[in-house]
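Please take me through this model in the viewer, one selection at a time, saying at each stop what should be selected and what is to be found there.

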Amino acid sequence: MAETKTVKFIITRQDSPDSAPYEEEFEVPYRPNMNVISALMEIRRNPVTTKGNKTAPITWDMNCLEEVCGACSMVINGKPRQACSALVDKLEQPIRLAPMKTFPVIRDLQIDRSRMFDSLKKVKAWIPIDGTYDLGPGPRMAETKRQWAYELSKCMTCGVCLEACPNVNSKTNFMGPFVFGQVRLFNAHPTGAMNKAERLNAFMEDGGIQGCGNSQNCVQACPKGIPLTTSIAAVNRDATIQSFKNFFGSDQI
Amino acid sequence: MAGNREFFNRRLHSLLGVIPIGLFLCIHLVVNHFATGGSSSFNRAANFMESLPFLHILEWILIFLPLLYHAIYGLYIAFTGTANVGRFGFFRNWMYLLQRITGVITLIFVAWHVWETRIAMAFGTALNYQMMHDILSSPFMFGFYAVGVVCAIFHFSNGLWSFMVSWGITVSPRSQVISTYVTMIIFVVLSIVGIQTLFAFV
């Protein structure tokens, strides 16, 4: 009799934002080229634990399924990463899944990343192009610079850098490493540079730049390989200059 | 400026760690190294430092006040971090943790050291070779001093590295790697100076 190959999962679950987390074990039939998402879908199809208890299907977030949207971030075997690009064949079993606890847990593996979007709003991580009349074309961006900036634009606010950062926790209001890359991106854009001082000043407020403790986990953890620590140092330099301008007085823009 | 007080505090903390505290540490280590030339050599150097004009003002402005600020705000920084080297065992993350541990050890060491030497001197005990010889002849105190001196030097050297990142001096990954090497050489060299001095007192 051929034995069917299975994949073992230990999943940290939580029924509501305030309830206590608990673990449940699952075993799903193996298929070639499985990723963690497809295994979760398999469990959803038949939500029965290894012990044979019928349970509620697992809740998780997902969207693009190609590591571009950042929605399916979770802690897989101790490492924060995207479930869609976590291939079962490359993971040690039993595969342990847990939510990224740096964020408020909504249910099971689903977390609330709103704080990241609030941070982006706080530092004005966009390029204002609207006016009461046609402002005309903006300045051109050099192609070499565009290619360079593209690397920074890969940020998908997945939250992995916040999960890896020792300074993002309930004791601080540090916004997290990803903000540095985004501030640098929009400050580098020829039109975005027109609001560089505003952006830097907003990022120098509470929870901003100074929250970084230089552990450099973010750059190691970032799934998109964004040069986060380089961005931190670069934004630090800009902030140094900006604070001198603010204090000693100079043209502030 | 209301909104960026935290930014100012953190930058001040970073600056004071190098200027004047880091500079003072270097001078202190160098002057103490006179002890390797014997007791009279050390006493001459110590007397010269004690005879500096405006000594109390220099001490308060360049040493005590910056040190107090750096220590108190540093404790706040250390205890608002969460060590996660178990999950993320990267080299820089270890340095992040060591920077905080050595900072706390240095604070304990320096508090005791100032009490035992500078404050004792203010109460009338002569600060000379004999005083340090008496302190360091106890093996426990020798160990305490050795650990304290090495921790202080590590905290200074690695602090130089993060100072250069925090002020945006070393931006590229390569410059940050090279400054890691340079600051670790500073750590080794100053540690040799410090430990040699300790041995000169026993």
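**Between the two chains**

Begin with chain A and chain B together, between which the count is 1 salt bridge. To find this salt bridge, select Glu163(A) and Arg87(B), whose closest N and O atoms are 2.9 Å apart. The model is a predicted one, and the distances and areas given on this tour should be read with that in mind.

Next, widen the selection to the whole interface, where 36 residues of chain A are in contact with 30 residues of chain B. The area buried between chain A and chain B is about 2,800 Å², and carbon and sulfur atoms give 51% of that area. On the side of chain A, colour Lys171(A), Gln210(A) and Asn214(A), which lose the most area to chain B and together account for 19% of what that side buries.

If polar contacts are displayed, the count between chain A and chain B is 23 residue pairs, with both residues of each pair at pLDDT 80 or more. Then show the secondary structure of chain A: helix H4 (160–164), H7 and helix H8 (228–248) each supply at least two residues of the side that touches chain B. Of the elements on this side, H8(A) gives the most, with 10 residues. Coloured by residue class, the side of chain A that touches chain B divides into 12 nonpolar, 19 polar and 5 charged residues.

**Between the domains of chain A**

Now hide chain B and colour chain A by its two domains, domain 1 (6–111) and domain 2 (114–248). The C-alpha centres of these two domains of chain A lie 31 Å apart, and 13 residues of domain 1 are in contact with 11 residues of domain 2. Between the two domains of chain A an area of about 990 Å² is buried, of which carbon and sulfur atoms give 58%. Within domain 1 of chain A, select Glu67(A), Thr102(A) and Phe103(A), the residues that lose the most area to domain 2, together 47% of what that side buries.

Keep Glu67(A) selected and add Lys224(A), with which Glu67(A) forms a salt bridge whose closest N and O atoms are 3.4 Å apart. Across this interface of domain 1 and domain 2 of chain A, the rule finds 4 residue pairs in polar contact, both residues being at pLDDT 80 or more. Strand E3 (73–76) and E4 of chain A each supply at least two residues of the side of domain 1 that touches domain 2, and E4(A) gives the most to that side, with 3 residues. The residues on that side of domain 1 of chain A divide into 6 nonpolar, 4 polar and 3 charged.

**Backbone stops**

For the last part of the tour, turn to the backbone. Select Gln93(A) and Pro94(A), which are joined by a cis peptide bond with omega near -5°; Pro94(A) is placed in the loop between strand E4 (79–82) and strand E5 (95–98) of chain A. In chain B, a cis peptide bond joins Ile19(B) and Pro20(B), with omega about 5°, and the place of Pro20(B) is in helix H1 (residues 5–32).

Which residues that are not glycines have a positive phi? Lys124(A) is one of them, with a phi of about 55°, and lies in the loop between helix H2 (114–122) and helix H3 (143–153) of chain A. Gln216(A) is another, with a phi of about 60°, and lies in the loop between helix H6 (196–203) and helix H7 (217–221) of chain A. Because its relative accessibility is 29%, Lys124(A) counts as partly exposed, whereas Gln216(A), at 14%, counts as buried.

Notes. Residues are numbered from 1 along each chain as its sequence is written. Chains are lettered from A and ligands numbered from 1 in the order in which they are written. This is a predicted model: local features need pLDDT of at least 70, side-chain atom pairs count only at pLDDT 80 or more; totals for chains, interfaces and linings use all residues. Side-chain values use heavy atoms; hydrogens and water are left out. Helices (H or I, at least four residues) and strands (E, at least two) are DSSP runs, numbered from the N terminus. Buried means under 20% relative accessible area, exposed over 50%, partly exposed in between (1.4 Å probe, protein chains only). Domain bounds come from an automatic or database domain assignment. Contact means heavy atoms within 4.5 Å. Buried area is the accessible area (1.4 Å probe) that two parts lose on being put together, summed over both. A salt bridge is a side-chain nitrogen of Lys or Arg within 4 Å of a carboxyl oxygen of Asp or Glu. A polar contact is a pair of N or O atoms within 3.5 Å; within protein, one must be able to donate a hydrogen and the other to accept it, and residues adjacent in sequence count only if both atoms are side-chain atoms. Ala, Val, Leu, Ile, Met, Phe, Trp, Tyr, Cys and Pro count as nonpolar, Asp, Glu, Lys and Arg as charged, and the others, Gly among them, as polar.
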